[in-house]
Amino acid sequence: MRYTVVLGVHTLIWVLLTGAFYCEKPSVVNIGAIFTFDSVIGRVAKPAMQAAVSDVNADSGILKGTELKLFMEDANCSAFLASVEAFQVLDKDIVAIIGPQSSAIAHMISEIANGLQVPLISYAATDPTLSALQFPYFFRTTQSDGYQMAAMAGLIDYYEWKQVIAVFVDDQYGRNGISALGDELQGKMSKIAYKLALPVEFNQSYLTDLLNKSKLLGPRVYVVHINPDPGLRIFDVAKGLQMMTSDYVWFATDWLSTTIDSFSPMNKTSLALLNGVVALRQHTPQSNKKSAYMSRWKKMQQEGLARSELNIYGLYAYDTVWTVAKAIERFIDEHENISFSVLDKLLKLEPSEIQLRKLKIFDGGSLLREKLLETNMSGLTGQVQFNQDRSIVSGGYDVINIEKMAIHTVGFWSNYSGFSVSPPETVKRGRVSYLPLDQKLGNVTWPGGNTVTPRGWVIADDEQPLRIGVPKRVSFVEFATEKNNSHKLEGYCIDVFLAARKLVPYDVPYIFVPFGDGQSNPSYDQLVKMVAQNVFDAAVGDIAIVKNRTMIVDFSQPYATTGLVIVAPVKNSKSNAWVFLQPFTWELWSVTAASFVIVAVVMWTLEHRVNDDFRGPPKKQLATMFLFSFSTLFKKNQEDTVSPLGRIVMVIWLFLLMVITSSYTANLTSILTVQQLSSPITGIDSLIASNLPIGYQVGSFAYNYLTETLYIPSSRLVPLGSPAEYERALRQGPDNGGVGAVIDELMYIELFLSRLTDFGIIGQTFTRSGWGFAFQKDSPLAVDMSTAILKLSENGELQKIREKWFCKMGCPGDKDQDVEPNQLHLISFWGLYLLCGAFSVAAFVVFLMRMIYQFVRYKRRQVNPPSPLSRSSSNTQCSQVISNFVDFVDEKEEAIKRMFHHDNPQVQVS
């Protein structure tokens, strides 16, 4: 029993002592710093961090009795050495690492920090890919290059430049930064045309060679993204190569502002190299705290504690120490103890001189990481707060311009307001987008002292003129060809280009290069491909703008409208004395004439008994009958119709005449103005279905269109090289080794038909396209030439050039290509004639039946009782009956009616 009590007391004492040990706040907290001491950033970061540690330890309101100790190691600009130094620092039980300043080194140390769960907080590593989920323990107290490149792309777009040349250091910092710039520019319809990569340790000779080669490129806007360089070697070399003149534009990321801010007053003369350069500087708002620190920095310089002028990264380094200290304070307040444990996997390593087995995991690393994410404090650089990428919330950028060895701030950029002449903190927040019209910057002085915004690119110069490919045509040479192998090119297309070039607001040195062997027309698809392959800078000629070509080159505005048409033989219809008979076939004329006679007879028959106009002597009745029928073509008849059946027949007859006369008038008009095709082809559909051989021009896009789009077998297509071959093939026809039709572009066909009258265009243009000048993709000259062509069209110069080449004997296409329409056939109107004939016969039959009925009644009255008018006996022959019936029909209707209304009618039938 006594033993049990003693054991319990010992256990209680051990628990209390252990608990007291673990609950006791640490007296010292170690943090590490890895950076290159002797560098533009390192020379301000070291005294800044030392000052910050001193201020933290002197402030009783933070850490509350716990001393913050900083262990600094020199990375010497080497990722390898920095990794070794990282292991040495971590051996001192540190809870966080500040730095490094290099993005390349940060990639390496971040992997170590992840493994040992030690937060890595950098004040200068700006590579945007460091924010990846791959590095959960990496924090950045400076702005990511993702924001900086958005500002740079906005700056390029503000001045409306579409292509730039990027000069960058070839490491993670340079490559990933320029990649971010490319993504931002793409969203603004611009691009990085060329990338000039520099080794991390580049020399003057390499740089000179690289920049000298870039002078042969078109863009003149350079974006420089390298590490801080006190020697400003890029601009020194550029000035020696005459690249700091008014033709050039130089942008620099914040490395330049960091460099020149670090210059001592004695070294400000170096700014003479930067005249006209525009750069970005990370924006930090003005505050009393910042002003006091800058005054303190002057004292530190006087005391020998600082060897450099203060730059932005000195402020960020100072704030980083305070950020880590406050996070540690929150960590200790919650966790109260800092502990480390050995990594099991390291214990399994074989013992060696490299004491990796001594490395320990920071047990509270994940909790300290959470406390860092909660940071929200006011520092020298403004509000310090991390976003979801563990980077400091962007405070924007200053846009600076160096002029006459002075640095001018011409504006500001923020991701919520764009460009403004007011600092970001004064611009109302809350907008996530902004209008281009809202953007504003101050006046900028560009290289060469020019205040007018440079063009930003050069198409060519006298030393390297624009190489323009021109098709060396052997047919239709009026458009473009070489004159007598003299290397002098002329033609309609050449004149249009030269006229448009005069309207381009800058000089365009050029040379024409004939393309083709001079034996046959060259392949225009191959010419366009040579432009895309940089063999030519442009192509000028009768180049059709079609889909497959627009995918590899840019075209100017079309200067001529064209399209594919069909041409075939036609026969001229010469006017003659009997041309008025041509609208109808003889069958239709015969039926029409017969219809007039039939209608005349039917109408006389129906009207004779009831209408006095249709009675009288036989000659008069015959004349009335035919005049009535034929006069319906021209005017209202003098004789009115009285009988209901006659009126019905007249309605149908007049409707037929209306259709017939309208069709006759339309067809006669066509005959007098149009030609009649001598081939059965009426359009592209009938040509495809006909299986006739088809001619096409050698070198034209027509072959690909016919085979790939219309699926016409290539065996049906006959290549033709000149207008003479067109004529010969069309005259021979398909039965004699020729072609049934030729398909070519309208401009060629109009010129071909202007010399010949035996051929004509069939149908309409079945493709729509135009001719333009071809340029390499994204060439600015394509836009300016399009504008010039529109001006030529508006001022009438384009039409004058066309008239100069094609209208000496009358403009092609202005002459009517007469084509006679087909004659109208009976089959087109047989329904109307059948309808009219049916009504006429029906009316006649109804009239005849009525007459027979009345005649029978009349004969019965003669028999019982006998009529005194009767002259027939019971033995009257059939001929006598017919004669009597005719006489009965000839009687007036009124006389017959009176007879039937009296009991003893006395009607004399004569």
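The following exchange asks how several labels attached to this predicted model are justified.

Me: What are the conditions on the values in this predicted model?
Reply: Local features need pLDDT of at least 70 and side-chain atom pairs count only at pLDDT 80 or more, while totals for chains, interfaces and linings use all residues. Residues are numbered from 1 along each chain as its sequence is written, and side-chain values use heavy atoms, with hydrogens and water left out.

Me: Why is Phe844 called partly exposed?
Reply: Buried means under 20% relative accessible area and exposed over 50%, with partly exposed in between (1.4 Å probe, protein chains only); Phe844 has a relative accessible area of 32%, and is therefore partly exposed. Phe844 lies in helix α26 (residues 830-863), helices being DSSP runs of H or I with at least four residues, and strands runs of E with at least two, numbered from the N terminus.

Me: How do you know that the buried residues of α7 line one face of the helix?
Reply: In helix α7 (residues 204-214), the buried residues are Leu207, Leu210, Leu211 and Ser214. Seen down the axis, these residues fall within an arc of 90 degrees, so they line one face; the arc is that of the directions from the helix axis to the C-beta atoms. Ser205 and Lys213, on the other side of α7, are exposed.

Me: What do the buried residues of α7 pack against?
Reply: They pack against β6 (163-169), β7 (191-198), β8 (221-225), α8 (233-240) and β9 (249-252), where contact means heavy atoms within 4.5 Å.
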